[in-house]
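Let's go through this model together, one question at a time. Have a look at the structure first.

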Amino acid sequence: YLLAVCQVHQNREKEALETIRSAIALVPESGDFHAFHAMVLSDLRRTSEALKAADEAIRLEPDSDYAWSAHASVFLSINEWAKAGNSARKALELNPD
């Protein structure tokens, strides 16, 4: 997971995608991994897959502000303002700080 984060910061999203997929294969119950997967897919403009990954993150960890933030980010990337706002509000409700 941390390697994938580093790869994204180095603008190596395609490599990060493979890395995060490997992490998910090892720990499929991690909502954070699925949320980050959604972010990488969104960066690659693979929004349909990104939304599925964000939905999975929320399914696994419905009280995760990170999962809801990823969900909001995917909706922002496709100009779904109302849906993005709803997800962002949920993230803020879970973690107002």
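Q: How many ångströms, N to O, lie in the salt bridge where the side chains of Arg-59 and Glu-56 meet?
A: This is a predicted model, where local features need pLDDT of at least 70, side-chain atom pairs count only at pLDDT 80 or more, and totals for chains, interfaces and linings use all residues. Residues are numbered from 1 along each chain as its sequence is written, and side-chain values use heavy atoms, with hydrogens and water left out. A salt bridge puts a side-chain nitrogen of Lys or Arg within 4 Å of a carboxyl oxygen of Asp or Glu. For Arg-59 and Glu-56, the N to O value is 2.8 Å.

Q: Which helix holds both Arg-59 and Glu-56?
A: Helices here are DSSP runs (H or I, at least four residues), numbered from the N terminus. Arg-59 and Glu-56 sit 3 residues apart, so about one helical turn separates them, and their helix is H4.

Q: Is Arg-59 buried or exposed?
A: Buried means under 20% relative accessible area, exposed over 50%, and partly exposed in between (1.4 Å probe, protein chains only). Its partner Glu-56 is partly exposed at 24%. Arg-59 reaches 55% relative accessibility, so it counts as exposed.

Q: Which helices does the Arg-21 and Glu-49 pair link?
A: The side chains of Arg-21 and Glu-49 form a salt bridge at 3.6 Å, N to O. The two residues are 28 residues apart and join distant parts of the chain: helices H2 and H4.

Q: Which residues are linked with Arg-21 in a network of salt bridges?
A: Glu-49 also meets Arg-46, at 2.8 Å from N to O. Linked with Arg-21 in the network are Glu-18, Arg-46 and Glu-49.
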